[in-house]
Amino acid sequence: MRKILLNIGKLAVFAAVVLWFFSAPRPLDQAQFDGLTGDLARGQHLFIAGGCASCHAPEGATGDAALVMAGGRALASPFGTFYAPNISPSNNGIGGWDAYDLGHAMLRGTSPDGRHYYPAFPYTSYIKLEPQDIVDLKLYLDTLPLSDAISRPHDVGFPFNIRRGLGLWKRLYLKNGWVMQDAPQQGRKLVEALGHCGECHTPRNAIGGLQTDRWLAGAPDPSGKGQIPNITPGALTWETADLIYYFESGFTPDFDSAGGHMADVIENLKRLTPADRTAIAEYLTARPALAPDPQ
Amino acid sequence: MRIKTGLTAAFLALSLTTAASAENHMDKALEDAKDAREAHMELYSFNMSLLGGMAKGALPYDADSAGKAADSLAALTMMDQTRYWIEGSDEMSIDDTRAKPEIWENMADFQKKETDLIAAAKAMQGAASQSLEALQGAIGPLGGACGACHKVYRAPKT
């Protein structure tokens, strides 16, 4: 009996060591950032296309106020409510960070002091960006106004409040690589990486991993009410020209207008180039048609 | 004794029916308000589709019909909407609506967004029959005014 207990004990220790090992943050190679210099105009474009302000600007902010990355906006989910942090270049934001720190956050979902971020921050999409993108973006972020707002802690229940567990989650779901291998590059980078469209439009499994076999096929709204639409040709049958007009005006082909979070996304899409909007539309119309969710 | 019980029962039954019928009346008022505002939105969209169709080049520009659609749109924005947005007609309280309860929590902001829509529609009224370029210039702010309200006060489709 005692021997069995001892063995169980050994096994538990072994399991704990294995879990600790597999849940450790996986560092990004700093050498990838050596010698890179930023381009401010590219940085601003990445900022808009990446939708940073849609979460990090204060709720309802317009004009210059929408450039203050004070955070605070709430994102409801089945795991709890996440609050976007301050990412302004102040001491309460990311003022002390260099481009490598930002790369670590965006490409690996890990803070400079080695803690895992929750995937409410869409690093599972941003991982597809290049170090050069991060360097450009950092240069632009540093030009934005300062905010002293203190980032609000997330309101997440057990067991999801154990951040170390996210290391295991990342082993499963933080993957670099395009979903649509044969897609045109410009649209693919805008949709899959920067625009992080899949984060809302793709369904998730019980522990929040994206079901990439149902890529962009629609999902329940994470707030618990309503449905985020299927935007594959299986349900979205708009012409390319209709999609482009929607991206620049917010009007659907029957002249309803975008609402909810999509209205924020339209604010960004409006400010991209016509070539960008065309590239996104072409990516979407080239997707295989997935049938609407049978549920 | 028996009479008293009978009376009580009758009284109870009567009051229940009255309550139920009051509730039916209330339900009907909420339903009517919801239907009316949806009909109103349809009319916005009906006129917008002409203006927007011209703006995006799907329809040939015609100054006369564009002007009329813009007049109709401006007239629609001027109509009194107080009876559309009655308390209790939000998506948490009744079926088949996407109107969020936040409308009633932030009525002043909701009304400000309505004022913005009126201004954008007036600008379109001045522009639509002038030229295609003028129409195209006015459509962005109009779309912005629609979106500003839908962004905060309309729930996602179910």
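Visitor: Which residue of β3(A) does A:T81 stand opposite?

Guide: Welcome, and keep in mind that this is a predicted model. Strand β2 of chain A covers residues 80-83 and pairs with β3(A) in the antiparallel sense over two bridges. In that pairing, the residue of β3(A) opposite A:T81 is A:D155.

Visitor: And which residue stands opposite A:T81 in the pairing of β1(A) and β2(A)?

Guide: β1(A) and β2(A) form a hairpin with two residues between them. The two strands pair in the antiparallel sense over four bridges. Across from A:T81 of β2(A) stands A:A76.

Visitor: Which strands stand at the edges of this sheet, and why is one side of each left without a neighbour?

Guide: The sheet in chain A is open, with three strands in the order β1-β2-β3 and antiparallel pairing. A strand with a single partner has one side without a neighbour in the sheet, so we look for strands of that kind. They are β1 (74-77) and β3 (155-156) of chain A.

Visitor: Let's move to the domains. How many residues does domain 1 of chain A give to the contact with domain 2 of chain A?

Guide: The domain assignment of chain A places domain 1 at 34-177 and domain 2 at 184-295. Their centres, taken over C-alpha atoms, are separated by 21 Å. Domain 2 of chain A brings 20 residues to the contact, and the number from domain 1 of chain A is also 20.

Visitor: How many residues on the domain 1 side of that contact are nonpolar?

Guide: Elements that each supply at least two residues to this side of domain 1 of chain A are α2 (40-49), β1, α5 (123-126) and α7 (166-173). Sorted by class, this side has six polar residues and one charged residue, and its nonpolar residues number 13.

Visitor: Which helix gives the most to the largest nonpolar core?

Guide: This core has 61 residues, and A:M106, A:I134 and A:I280 touch the most other members. At least three of its residues come from each of domain 1 and domain 2 of chain A. Nonpolar side chains tend to be buried together in soluble globular proteins. The top contributor, with six residues, is helix α4 (residues 99-108) of chain A.

Visitor: Which residues does A:I134 touch, not counting those up to four places away in sequence?

Guide: A:I134 is one of the residues that touch the most other members of the largest nonpolar core. Leaving out residues up to four places away in sequence, its contacts are A:A99, A:L102, A:G103, A:M106, A:L107 and A:L129.

Visitor: Is A:Q132 buried or partly exposed?

Guide: A:Q132 has its place in helix α6 (residues 131-141) of chain A. Its C-alpha atom is separated by 7.3 Å from that of A:G38, although the two are 94 residues apart along the chain. A residue needs 20 or more C-beta neighbours within 10 Å to be buried. A:Q132 has 17 inside 10 Å, so A:Q132 counts as partly exposed.

Visitor: What about A:L272, is this residue buried or exposed?

Guide: You will find A:L272 in the loop between α11 and α12 of chain A. Beyond residues up to four places away in sequence, A:L272 touches A:I48, A:A49 and A:R277. Because 20 other C-beta atoms lie within 10 Å, A:L272 is buried.

Visitor: Which element supplies the largest share of the side of chain A that touches chain B?

Guide: Here 19 residues of chain A are in contact with 17 residues of chain B. On the chain A side, β5 (227-228), α10 (240-249) and α11 (260-270) each supply at least two residues. The largest share, four residues, comes from α11(A).

Visitor: Which helix of chain B do the buried residues of α11(A) pack against?

Guide: The buried residues of α11(A) include A:M262, A:I266 and A:L269. Within chain A, the buried part of α11(A) packs against α3 (52-56), α10 and α12 (274-286). From chain B, the partner is α5 (132-153).

Visitor: What percentage of chain B is buried?

Guide: Chain B has five helices and zero strands. Of its contacts between residues at least 6 apart in sequence, 65% join residues at least 24 apart. Among the 158 residues in chain B, the buried share is 27%.

Technical notes
Residues are numbered from 1 along each chain as its sequence is written. Chains are lettered from A and ligands numbered from 1 in the order in which they are written. This is a predicted model: local features need pLDDT of at least 70, side-chain atom pairs count only at pLDDT 80 or more; totals for chains, interfaces and linings use all residues. Two residues are in contact if their C-beta atoms, placed from the backbone, lie within 7 Å. Two strands pair if DSSP finds at least two bridges between them. A residue is buried if 20 or more other C-beta atoms lie within 10 Å of its own, exposed if 12 or fewer, and partly exposed in between; C-beta atoms are placed from the backbone. Domain bounds come from an automatic or database domain assignment. Ala, Val, Leu, Ile, Met, Phe, Trp, Tyr, Cys and Pro count as nonpolar, Asp, Glu, Lys and Arg as charged, and the others, Gly among them, as polar. A nonpolar core is a set of buried Ala, Val, Leu, Ile, Met, Phe, Trp, Tyr and Cys residues joined through C-beta atoms within 7 Å.
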